[in-house]
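User: Could you take me through the largest pocket, slowly and in plain words? I would like to know what lines it and what sits in it.

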Amino acid sequence: MSKGTAVITGAANGIGQAYAQRLAADGFDIAVADVVDASTTRGLIEATGRRFFSALVDVTSPESTLQFAADVAANLPPVVALVNNAGIYPWKSFADTDYALWRKVLGVNLDGAFLMSKAFIPGMKERKLGRIVNVASSTLWLNVPDMSAYIASKGGVIGLTRALASEFGASGITANVIAPGLTNTKSMRSTNEEIFEFLPKLQAIPRTLEPTDLVGVVSFLCSPDSAFVTGQTVVADGGQARL
Ligand SMILES: NC(=O)c1ccc[n+]([C@@H]2O[C@H](COP(=O)([O-])OP(=O)(O)OC[C@H]3O[C@@H](n4cnc5c(N)ncnc54)[C@H](O)[C@@H]3O)[C@@H](O)[C@H]2O)c1
């Protein structure tokens with residue numbers, strides 16, 4: 001029996017793909033919105049016996065995100081969970097961050113979560129059931145230079161999440177944040193390989209964080225067990241940042 005559909009953005013790769021695998025194992029059918037082909041994720045999900053739908057969607061586009069919500073509704077069971085995971089993290093000094101780059105990072109990381117929420121909350125509200133999980137980053141609480149646009153965007157994600165929690169708590173919809181620490185993905189390794197040599201040693205659990213270390217938090221936040229948890233941020237970074 002399907003538990004409904006979980007929508008995950010940016011799940012063609014990296015951490016999002018691991019979220020998709022775990023939520024499929026939990027019993028959700030999976031819908032993926034990504035700017036690149038998600039056929040690897042499709043293979044992994046369909047192997048579990050769950051249904052899968054994906055489309056090439058830029059989360060910064062109001063039209064594409066609304067069309068995606070209509071397409072998911074036509075192809076899969078009702079959406080219960082939305083994980084706004086798509087994100088970009090150019091490592092640039094403030095001097096090298098021009099306005100176009102600032103807008104791009106805010107666009108994908110923050111506007112994307114807003115637009116996907118606009119597209120999927122109406123259905124959740126109608127059914128009086130929804131789990132929104134937004135993705136921030138432990139960089140918000142740490143001394144990390146050269147990420148001004150990124151850290152600003154992730155602060156915005158936490159603000160948006162708290163606002164959604166307040167506005168939709170009476171409608172059966174929760175909104176929470178997972179804030180991962182430095183995680184072993186191809187994208188992060190190609191962005192900053194050197195940081196993997198020293199940062200994990202600063203964590204209470206001094207080893208490299210893998211995407212699979214994060215999936216239990218998202219599983220819980222999408223489950224009925226978290227029905228009374230909303231507006232919260234869970235840092236999953238091996239115990240470096242402390243809230
Ligand atoms: N890897 C880390 O160390 C780390 C740490 C903290 C937080 N995070 C956050 O976790 C999330 C995933 O990170 P990752 O390392 O798996 O990255 P990744 O690059 O492996 O995956 C991100 C996915 O988002 C997609 N994407 C990018 N722009 C998009 C857009 N406009 N519309 C739709 N999809 C788009 C990409 O195609 C890609 O598949 C991001 O939000 C990131 O900020 C990552």
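Analyst: Sorted by class, the lining of the largest pocket has 23 nonpolar, 18 polar and four charged residues. Here Ala, Val, Leu, Ile, Met, Phe, Trp, Tyr, Cys and Pro count as nonpolar, Asp, Glu, Lys and Arg as charged, and the others, Gly among them, as polar. Keep in mind that this is a predicted model, where local features need pLDDT of at least 70, side-chain atom pairs count only at pLDDT 80 or more, and totals for chains, interfaces and linings use all residues. Residues are numbered from 1 along each chain as its sequence is written, and side-chain values use heavy atoms, with hydrogens and water left out.

What do we mean by a pocket? On a 1 Å grid over the protein atoms alone, a pocket is an open set of points with protein on both sides within 12 Å along at least five of seven lines, while a cavity is a set of points where a 1.4 Å probe fits but cannot get out; lining residues have an atom within 4 Å of a point.

The largest pocket holds about 1000 Å³ of space; a volume is the space filled by probe spheres set on the points, which are joined across faces, edges and corners. Its lining is made of 45 residues, and G87, I88, Y89, T185 and S187 lie nearest the centre. At least two lining residues come from each of α1, β2 (29-34), α5 and α6, and α6 gives the most, with five residues. These labels are DSSP runs, numbered from the N terminus: helices (H or I, at least four residues) and strands (E, at least two).

Now for what sits inside: the largest pocket is the space taken by the ligand. A molecule counts as sitting there if more than half of its atoms lie within 2 Å of the grid points. The elements that give two or more residues to the shell around the ligand are α1 (14-25), α5 (148-168) and α6 (186-191). That shell has 14 nonpolar, ten polar and three charged residues. Of the 27 residues around the ligand, D34, Y89, Y150, T183 and S187 come nearest, where being near takes a heavy atom within 4 Å.

Which side chains place a polar atom by a ligand oxygen? One is D34, with a polar side-chain atom 2.6 Å from an oxygen atom of the ligand. For Y150, the distance from a polar side-chain atom to a ligand oxygen atom is 2.7 Å. K154 has a polar side-chain atom 3.0 Å from an oxygen atom of the ligand. The protein covers 93% of the 830 Å² of accessible area that the ligand has on its own, by the Shrake-Rupley method with a 1.4 Å probe.

For a wider view, the second largest pocket has a volume of about 160 Å³. Its 13 lining residues include A69, A73, F120, G123 and R127, which lie nearest its centre. Here α4 gives the most, with six residues, and the lining divides into eleven nonpolar, one polar and one charged.

There is also one cavity of 30 Å³ or more, with a volume of about 40 Å³. Y150, which you met by the ligand, is one of the residues lining this largest cavity, along with P90 and D146 among others.

How values were computed. Polar contact = N/O pair within 3.5 Å; in protein donor to acceptor, adjacent residues only side chain to side chain.
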